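Please work through the exercises below with the sequence and the model open beside you, trying each task before reading its solution.

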Amino acid sequence: MHAKINDIQLAYTDEGNGPALVLIHGFPLCRTMWQPQVVALSAAGFRVVAPDLRGFGESEAPRSGYSMDRFADDIVELMTYLGIGRAVVGGMSMGGYVLLNLLERHSRRVAGAAFLLTRCNADDAAGKARRAELAQLVRQGKRSAVEGAFADILFAPSTSAEQPQLVDTVRSWMRKTSDAGLIGALEAMAARPDYCDRLGEFSTPALVMGGAEDRIVPQETIAPFAAALPNSSSCIIPKAGHMANLEQPQAFNTCLMDFMRLCSQAFDAPRNDS
Ligand code: MLT
């Protein structure tokens with residue numbers, strides 16, 4: 001499905017009925033990554049909405065204007081378009097950076113915050129320089145550098161060995177991301193602020209989920225992230241890397257579903273926009 005959101009065509013999936021869960025994909029991926037969660041959670045009595053962020057998947061890719069504010073505003077406008085006042089929002093990696101922005105700027109729309117394989121810190125100088133280098137390579141027509149930088153470290157070693165088709169499938173999603181989306185999101189991620197010292201301000205019920213073999217967000221970072229949030233729980237998915245939702249969908253879905261049930265009472269709160 002598509003909707004005109006903030007002047008662009010945004011593609012999204014919307015399945016099921018019940019308390020709403022909005023899932024935000026990581027970089028350089030698209031909403032297709034959420035298929036196992038869309039199937040399981042919609043069957044379990046939840047409404048699951050998964051957009052392609054601007055520049056990604058089947059959404060329109062404007063030439064410029066990418067930022068975490070813009071990504072977050074698109075999510076809020078899509079929720080309004082779909083008649084969703086409040087939702088549990090789950091953000092995977094880059095999607096988690098968008099979720100932090102939502103908590104800062106639109107917290108009344110967030111009934112629960114699921115931080116999935118993500119982190120609260122900003123990029124350090126080396127990280128920013130690496131993003132600028134990758135963006136420049138895309139401008140020079142060498143976009144395969146982005147796939148090269150991410151594809152090999154996304155999975156647990158056992159997944160790469162045992163599920164080569166899954167690795168190929170995820171690589172094929174990366175190739176669908178527009179150049180403008182790659183460059184815009186790399187710049188938006190490099191510019192994002194650090195939230196680690198501000199997590200105590202976010203009293204929304206929260207979940208922090210990690211993968212035991214994640215090489216992008218090490219599992220050791222999950223407990224401190226959760227401990228800094230006033231109202232949170234955490235889980236670590238065994239035998240999973242950065243794509244834990246695809247590598248170990250059952251364990252991932254169980255943890256996410258438990259959190260959805262925990263948050264259900266928050267949906268009775270007034271639907272005030274922020
Ligand atoms: C992602 O999976 O979204 C990326 O690894 C995030 C990042 O590059 O910081």
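The exercises go from the whole chain to one strand and then to single residues.

The model is predicted, so local features are described only at pLDDT of at least 70 and side-chain atom pairs only at pLDDT 80 or more, while totals for chains, interfaces and linings use all residues. Residues are numbered from 1 along each chain as its sequence is written.

**Exercise 1. Confidence**

Task: Find the mean pLDDT of the protein, and say over which residues pLDDT stays under 50.

Solution: Begin with the overall score, where pLDDT is the predictor's confidence in each residue, from 0 to 100. The mean pLDDT of the protein is 95, and 97% of its residues reach 70 or more. The model as a whole scores ipTM 0.97 and pTM 0.96. Next turn to residues 270-274, where pLDDT stays under 50 and the model has eight contacts beyond four places in sequence; two residues are in contact if their C-beta atoms, placed from the backbone, lie within 7 Å. Where pLDDT is low, the predicted coordinates should not be read in detail.

**Exercise 2. The whole chain**

Task: Decide whether the radius of gyration agrees with that of a compact globule or departs from it, and describe the make-up of the annotated domain.

Solution: Start with the expected value, for which the rule is 2.2 Å times the number of residues to the power 0.38, the radius being taken over C-alpha atoms. For 274 residues this puts a compact globule near 19 Å, and the protein, with 17 Å, agrees. Its C-alpha atoms fill a box of roughly 50 × 40 × 35 Å along the principal axes. Then consider burial, counting a residue as buried if 20 or more other C-beta atoms lie within 10 Å of its own, exposed if 12 or fewer, and partly exposed in between, with C-beta atoms placed from the backbone; by this count 47% of the 274 residues are buried. Of the contacts between residues at least 6 apart in sequence, 77% join residues at least 24 apart.

The protein has eleven helices and eight strands, these being DSSP runs numbered from the N terminus (helices H or I, at least four residues; strands E, at least two). According to the unreviewed UniProt entry, the annotation "domain: AB hydrolase-1" covers residues 19-249, though such annotations may be inferred rather than shown by experiment. Over residues 19-249 the chain is 44% helix and 15% strand, with the end C-alpha atoms 21 Å apart.

**Exercise 3. Strand S3**

Task: Establish how many residues of strand S3 are buried, and which residues stand opposite Ala 20 and Val 22.

Solution: First take burial: five of the five residues of S3 (residues 20-24) are buried, so the strand is largely enclosed by the rest of the structure. In a regular strand the side chains alternate between the two faces of the sheet. In S3, Ala 20, Val 22 and Ile 24 lie on one side and Leu 21 and Leu 23 on the other, and both faces are covered.

Second, take the pairing, which requires that DSSP finds at least two bridges between two strands. S3 pairs in the parallel sense with strand S4 (residues 47-51) over three bridges, and the bridge partner of Ala 20 in S4 is Arg 47. S3 also pairs in the parallel sense with strand S5 (residues 87-92), over four bridges, where Val 22 stands opposite Val 89.

**Exercise 4. Pro 28 and Ser 93**

Task: Determine whether the peptide bond from Phe 27 to Pro 28 is cis or trans, and whether Ser 93 is buried or exposed.

Solution: Pro 28 lies in the loop between S3 and helix H1, and the peptide bond leading to it from Phe 27 is cis, with omega near -10°. Pro 28 is buried, because 26 other C-beta atoms lie within 10 Å. Leaving aside residues up to four places away in sequence, Pro 28 touches Val 146, Phe 150, Met 174, Thr 177 and Leu 182.

Ser 93 is found in the loop between S5 and helix H3 (94-105). The phi angle of Ser 93 is near 50°, a positive value in a residue other than glycine. With 25 other C-beta atoms within 10 Å, Ser 93 is buried.
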